[in-house]
Amino acid sequence: MDGALQLPMVDLSSTDRTLLADSLRKACVENGFFYLINHGVEEELIQRVFEGSRRFFGLSLEEKMKLLRQNHRGYSPLYSEKLNSTDNPKGDPKESIYFGAPEDMSPYGNLNQWPSQEILPCWRSTMEEYYRRILWVGKRVVSLMAVALNVDEDFFEKVGAFDPPTALLRPLHYPVAGEIDSSDKHMHGAGAHTDCGMITILVTDGVPGLQVCRDKLQKPQIWEDVHHLKGALIVNIGDMMERWTNCLFKSTLHRVTQPTQDRYSVAMFFDPSPDCVVECLKSCCNESSPPSDVPSGFLQFVRQTT
């Protein structure tokens, strides 16, 4: 770790769309991570999401295991995911629960798994409300990316990236070291990885832990802390967007350190729909810069969604 990274800010309240697209392009090229401010998601809703998450992850393991993950929906217990076998050889010491689109938005039917209303009243309605709001924010960000890439504003809509919406909402809990095996105290909360989709939109509870490595090929790797910015969402580029842009936009390596207090975050992963063709944009390649090889995360994404 070499210190803290000053992430750029992208302000959705800006009325100068060209300037806004330019600032977003610079952030995606240079960092692959940025703060999103004035995004329109109320702090009150975010706090309800976190309160519900704390109550869910505070349930007994027996109760949570009733919702064990199926069809990419449901509960993932401690150590069930291994993002980096070098960082965490036995799996990541975190737990999470996955939700897809609300039933009325999903062509796949009711795949989401919810705790009963008696145990967690109102959590389902809160999470579905948050899903819809972040989906709206994500579509705004992606349309700005299209402008920044010199293609039509609705390009990603027209190629079917959101038809149907396949974004996954994932509340996460990183327990303090005292709640996991003592032999795991040197593990990371989440091993180093890149996300495999288009973009990820993250909100955290303010507990430190997120780190990025802006040059994943550099040896030794330099890790920088990403500080919490009250009222801001954190957006990062995934492997699919890196491929669409011929590696112009960076899918940046990141990880979560083992926290000294319980840490909660909520990530929304924007994956392109299964039938959407992902190929280098013509505006991002030419004779001197031909389409690059498939990024490392691409085949992983294909395996996960087929």
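Strand β5 is covered on both of its faces: E95 and I97 on one side, and S96 and Y98 on the other, are all buried. In a regular strand the side chains alternate between the two faces of the sheet. The structure described here is a predicted model, and strand β5 offers a convenient point from which to explore it.

Strand β5 has a partner on each side. With β4 it pairs in the antiparallel sense over three bridges, and with β6 it pairs, again in the antiparallel sense, over two bridges. Residue S96 illustrates both pairings. In β4, the residue opposite S96 is S76, while in β6 the bridge partner of S96 is L172.

Residue S76 deserves a closer look. It is found in strand β4. Is S76 buried or exposed? S76 counts as buried, because its relative accessibility is 7%, and the cut-off for a buried residue is under 20%. Leaving aside residues up to four places away in sequence, S76 touches R69, K94, E95, S96 and Y98. Among these contacts are E95, S96 and Y98, which also belong to the buried residues of β5.

The view may now be widened to the whole sheet. In which order do the eight strands of the open sheet lie? The order is β2-β3-β11-β8-β13-β6-β5-β4, and the pairing is mixed. The edge strands are β2, residues 9–11, and β4, residues 74–76, each of which pairs on one side only. From one strand to the next, the twist averages 25 degrees.

Further into the sheet, strand β6 (residues 168–174) pairs with strand β13 (residues 263–270) in the antiparallel sense, over seven bridges. One example of this pairing is L168, whose bridge partner in β13 is F269.

The next residue to consider is F270, which is also placed in strand β13. F270 has a relative accessible area of 1% and is therefore buried. Its contacts, not counting residues up to four places away in sequence, are I134, L135, G138, F162, A167, G197, M198, I199 and I201. F270 also shows how the fold brings together separate parts of the chain: F270 and L169 are 101 residues apart along the chain, yet their C-alpha atoms are separated by 8.9 Å.

Helices accompany the sheet. Helix α2, residues 43–57, lies across β4, β5, β6, β8 and β13, and runs at about 110 degrees to β13. Another arrangement involves two helices, α1 (residues 17–30) and α4 (residues 123–148), which pack at an angle of about 90 degrees with their axes 8 Å apart. Helix α1 is therefore roughly perpendicular to α4. Helix α1 contributes R17, L20, A21, L24, R25 and C28 to the contact, and helix α4 contributes V141, S143, L144, M145, V147 and A148. By character, the residues of this contact divide into nine nonpolar, one polar and two charged.

The loops contain several backbone features. Two peptide bonds that precede a proline may be examined in turn. The bond from D163 to P164 is cis, with omega near 5 degrees, and P164 has its place in the loop between α5 and β6. A cis peptide bond also joins K219 and P220, where omega is about -5 degrees. P220 lies in the loop between β9 and β10.

Two other loop residues are notable for their phi angles. N38, in the loop between β3 and α2, has phi near 55 degrees, a positive value in a residue other than glycine. H72, in the loop between α3 and β4, likewise has a positive phi, near 65 degrees, and is a residue other than glycine. How accessible are these residues? N38 counts as partly exposed because its relative accessibility is 45%. H72 has a relative accessible area of 37% and so is partly exposed as well.

Finally, the reader should consider the confidence of the prediction. The chain averages a pLDDT of 88, and 90% of the residues score at least 70. Over residues 295–306, however, pLDDT stays under 50, and for this stretch the model has 14 contacts beyond four places in sequence. Where pLDDT is low, the predicted coordinates should not be read in detail.

Notes:
Residues are numbered from 1 along each chain as its sequence is written. This is a predicted model: local features need pLDDT of at least 70, side-chain atom pairs count only at pLDDT 80 or more; totals for chains, interfaces and linings use all residues. Side-chain values use heavy atoms; hydrogens and water are left out. Two strands pair if DSSP finds at least two bridges between them. Helices (H or I, at least four residues) and strands (E, at least two) are DSSP runs, numbered from the N terminus. Axes are lines fitted to C-alpha atoms, for helices over the stretch in contact, and angles run from 0 to 180 degrees between N-to-C directions. Contact means heavy atoms within 4.5 Å. Angles under 35 degrees count as roughly parallel, over 145 as roughly antiparallel, 65 to 115 as roughly perpendicular and the rest as oblique. Ala, Val, Leu, Ile, Met, Phe, Trp, Tyr, Cys and Pro count as nonpolar, Asp, Glu, Lys and Arg as charged, and the others, Gly among them, as polar. Buried means under 20% relative accessible area, exposed over 50%, partly exposed in between (1.4 Å probe, protein chains only). pLDDT is the predictor's confidence in each residue, from 0 to 100.
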